[in-house]
Amino acid sequence: MFGNYLIGLREGLEASLVVCILVAYLVKTGRRDALRPVWLGIAAAVTLSMSFGAALEFGSQELTFEAQEALGGSLSIVSVGLVTWMVFWMRRTARHLRSELHSKLDAALAMGTGALVATAFLAVGREGLETALFVWTAVRASNDGTADPLIGVVLGLVTAVALGWLFYRGALRINLSKFFTWTGAMLVVVAAGVLAYGFHDLQEADWLPGLHSTAFDISSTIPPDSWYGTLLKGVFNFQPDPTELQLWMWALYLVPTLALFLRPGRVSPSTAAPRNREPEPHDTQVAPSAVRSSDRSGGTDAGDDADRVHDGARGAGEHPVGGQG
């Protein structure tokens, strides 16, 4: 259940942060009239994501066993690719996520209501579709005949929504850079298990050879129905008798991906010695005057880091509608 909880938490928190940034910016700039189309776009994105997940679940039940395994295996590989891209993208661009969304909102405000709906829909919909696909494949990979995997995902999403609300209200402060780094690393481990399971599905669909070429079998040492076997299955998608192809794909994905993800980032010469010191990405607090100054200047300097979303969101309540100079 923990692995699925982590998926729901990590993916849901990204979407929650996007919503938090959009809403806080509109409130702070005195554009509460634009909140309605933004919420419509968010609702449409959530509906589409849930419909996509339902279509995957119920549509696959009408297929033959071989077709189900082929579909599940193929989508598992696709979802791992998307999630891998997502964790690296968030690690690279989280610092400028806030200013990027602000610029898109400014352009949408100038174009009208339809553009606002589309902006919110696209910003949240991308996260939602990725989440639905990866959740479906991960739940399928760790499914043990109970509702525990799905319960774990739902609990993770609920926690993410609660955290997003606390960020917006300014009641919670955590180091988001470290949070996304470590949860991203754990998500890579979960994705490795999903990838291995996906290749096993393709073997069962007779798309790939080697279904009966078992790398090892420690079922007697770690029984699948034991509490620790279930725990390893739920967290790492561990299988006590993997095929040789499963083991190789798991190792070839996990080792280089985790090494690249945890590799320290390089500081470019242009940012190594700035004229005026700016808050570091790991700063967890910004003075209110600095937040307001950065907002009036377009939000391209201090405050761009997603780590300080809660400060900008907390400032939303400091300005009445139309009171922004």
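**Figure 1. Ala-67 in helix α3, and what comes back to meet it.** In this predicted model, Ala-67 is partly exposed, with a relative accessible area of 28%. Look for Ala-67 in helix α3. How far apart are the C-alpha atoms of Ala-67 and Ala-205? They are separated by 6.8 Å, even though the two residues are 138 residues apart along the chain.

**Figure 2. The whole chain, for orientation.** Before zooming in further, here is the overall picture. The protein has 12 helices and zero strands, so if you read the elements from the N terminus on, you get α-α-α-α-α-α-α-α-α-α-α-α. Of the 325 residues, 48% are buried. Take the contacts between residues at least 6 apart in sequence: 84% of them join residues at least 24 apart.

**Figure 3. Asp-201, an acidic residue in helix α7.** Is Asp-201 buried or exposed? With a relative accessibility of 0%, Asp-201 counts as buried. Its place is in helix α7. Setting aside neighbours within four places in sequence, Asp-201 is in contact with Glu-69, Gly-72, Gly-73 and Arg-140.

**Figure 4. The largest nonpolar core.** Nonpolar side chains tend to be buried together in soluble globular proteins. Here the largest such core has 36 residues. Those with the most contacts inside it are Leu-13, Leu-22, Leu-26, Val-38, Leu-101, Leu-105 and Leu-116. Which helices each supply at least two residues of this core? They are α1 (2-28), α2 (35-60), α3 (65-93), α4 (97-111), α5 (113-142), α6 (148-169) and α7 (176-204). Helix α1 gives the most, with 13 residues. For a feel of the packing, pick Leu-26: leaving out neighbours within four places in sequence, Leu-26 is in contact with Arg-31, Arg-32, Ala-34, Leu-35, Val-38, Leu-105 and Leu-109. There is also a second, separate core of 24 residues, which includes Ala-138, Val-153, Tyr-253 and Leu-254.

**Figure 5. Val-124 and its neighbours.** Val-124 lies in helix α5 and, at 6% relative accessibility, counts as buried. What does Val-124 touch, not counting residues up to four places away in sequence? The list is Val-18, Val-19, Ile-42 and Ala-45. Ser-49 is worth finding too: its C-alpha atom and that of Val-124 are separated by 9.5 Å, with the two positions 75 residues apart along the chain.

**Figure 6. Helix α9, one side buried and the other exposed.** Helix α9 covers residues 244-262, 19 residues in total. From its first C-alpha to its last it reaches 27 Å, close to the 27 Å expected at 1.5 Å a residue. Its buried residues are Gln-246, Tyr-253, Leu-254, Thr-257 and Phe-261. Why do they sit on the same side of α9? Because they cover an arc of only 95° around the axis. Now check the other side of α9, where Trp-248, Leu-252 and Val-255 are exposed. As a reminder, an α-helix has 3.6 residues a turn, so residues three or four places apart point the same way.

**Figure 7. Phe-88 meets Phe-261, edge-to-face.** A search of the whole structure turns up three aromatic pairs. In one of them, the ring centres of Phe-88 and Phe-261 are 5.5 Å apart and the planes sit at 85°, so the pair is edge-to-face. Phe-88 lies in helix α3 and Phe-261 in helix α9, so this pair ties together parts that are 173 residues apart in sequence. Are both rings buried? Phe-261 counts as buried at 1% relative accessibility, whereas Phe-88, at 23%, counts as partly exposed.**Figure 8. Trp-165 and Tyr-168, a stacked pair within helix α6.** Trp-165 and Tyr-168 also form an aromatic pair, and this one is stacked, at 6.2 Å centre to centre with 25° between the planes. Both residues lie in helix α6, three residues apart, about one turn of the helix. Trp-165 is exposed, with a relative accessible area of 51%, whereas Tyr-168 is buried, with a relative accessible area of 15%.

**Figure 9. Arg-126 over the ring of Trp-89.** What sits over the ring of Trp-89? The charged end of Arg-126 does, 4.5 Å from the centre of the ring.

How values were computed
Residues numbered from 1 in each chain as written. Predicted model: local features only at pLDDT ≥ 70, side-chain atom pairs only at ≥ 80, totals over all residues. Heavy atoms only, no water. Helix = DSSP H or I, 4+ residues; strand = E, 2+ residues; numbered from the N terminus. Expected span 1.5 Å × (residues − 1). Buried < 20%, exposed > 50% of the residue type's maximum accessible area, 1.4 Å probe, protein only. Arc of directions from axis to C-beta. Core = buried A, V, L, I, M, F, W, Y, C linked by side-chain atoms within 4.5 Å. Contact = heavy atoms within 4.5 Å. Phe/Tyr/Trp six-rings, centres within 6.5 Å; stacked < 30°, edge-to-face > 60°. Lys NZ or Arg CZ within 6 Å of the ring centre and 35° of its normal.
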